[in-house]
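Dear colleague,

Please find below the structure I wished to hand over to you. My findings on its nonpolar packing and its charged pairs follow.

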Amino acid sequence: MRGATVSSPENSSARALTGKCLCGAVQYVVADEFGYALNCHCSNCRRATGSAFKPFAGIERGKLRVASGEHMLMMFGDPSAAHDAHCKACGSLLYSVVREGAFAHVTMGTLVDEPSIRPTAHIFVGSKARWFTITDDLPQFDEHVVGG
């Protein structure tokens, strides 16, 4: 799958990135056409990842495809709208479907291939873990970044 192309809804071809869960039961392909990438510090993202924050990259939902193991996906939330997709076997959070089902937030830690985008800000730092100190120079927003 590495180096392949993914056809987007706009009929353009982009470099394809692969991703997978910890155990490898679920694998996905996503176009390297992310519109934004952020580090989310909200309590829900911390609980879902077991980490201080969730680095994610946002893309139109149609540019993400589960390549294998779709039967192993476990959805939390509304499967037809906003939900988190986890592997049933290992529990890895692979992506979240947001914005009324139009976008996917791919958890950057599940990507096998390196994306061209990097996180540009920290969001929901108003509720970040008190034991974690942000040490980079990225902008910080108490809630959501405007326009993201």
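Which residues in the largest nonpolar core touch the most other members? They are Val30, Phe34 and Tyr95, within a core of 24 residues. Please bear in mind throughout that the model is a predicted one.

Several strands contribute to this core: strand 2, strand 3, strand 5, strand 6, strand 8 (83–87), strand 9 (93–98) and strand 10 (103–107) each supply at least two of its residues. A second core, separate from the one above, consists of 9 residues, among them Tyr36, Cys40, Ile123 and Val145. As general background, nonpolar side chains in soluble globular proteins tend to be buried together.

Tyrosine 95 merits a closer look. Leaving aside residues up to four places away in sequence, tyrosine 95 touches Arg61, Leu64, Val66, Leu73, Met75, His83, Asp84, Ala85, His105, Val106 and Thr107. Polar and charged residues, including Arg61, Asp84 and Thr107, thus appear in that list beside nonpolar ones such as Leu64 and Val66.

I turn now to the charged pairs. The structure contains 4 salt bridges. One of them joins aspartate 32 to arginine 15, with 2.7 Å between the closest N and O atoms. Aspartate 32 sits in the loop between strand 3 (27–31) and strand 4 (36–40), while arginine 15 belongs to strand 2 (residues 13–20), so this salt bridge ties together parts that lie 17 residues apart in sequence. The two partners differ in exposure: aspartate 32 is buried, at 13% relative accessible area, whereas arginine 15 is partly exposed, at 41%.

Another salt bridge forms between the side chains of lysine 63 and glutamate 33, at 2.7 Å from N to O. This pair, too, links distant parts of the chain, 30 residues apart: lysine 63 is in the loop between strand 5 (54–60) and strand 6 (64–68), and glutamate 33 is in the loop between strand 3 and strand 4. Lysine 63 is buried, with a relative accessibility of 7%, and glutamate 33 is partly exposed, with 24%.

The side chains of arginine 118 and glutamate 114 also meet in a salt bridge, at 2.3 Å from N to O. Here arginine 118 is partly exposed at 43% relative accessibility, and glutamate 114 is exposed at 53%. Finally, Glu33, Glu60 and Lys63 are joined into one network by salt bridges that share partners.

With kind regards

Technical notes: Residues numbered from 1 in each chain as written. Predicted model: local features only at pLDDT ≥ 70, side-chain atom pairs only at ≥ 80, totals over all residues. Heavy atoms only, no water. Helix = DSSP H or I, 4+ residues; strand = E, 2+ residues; numbered from the N terminus. Buried < 20%, exposed > 50% of the residue type's maximum accessible area, 1.4 Å probe, protein only. Core = buried A, V, L, I, M, F, W, Y, C linked by side-chain atoms within 4.5 Å. Contact = heavy atoms within 4.5 Å.
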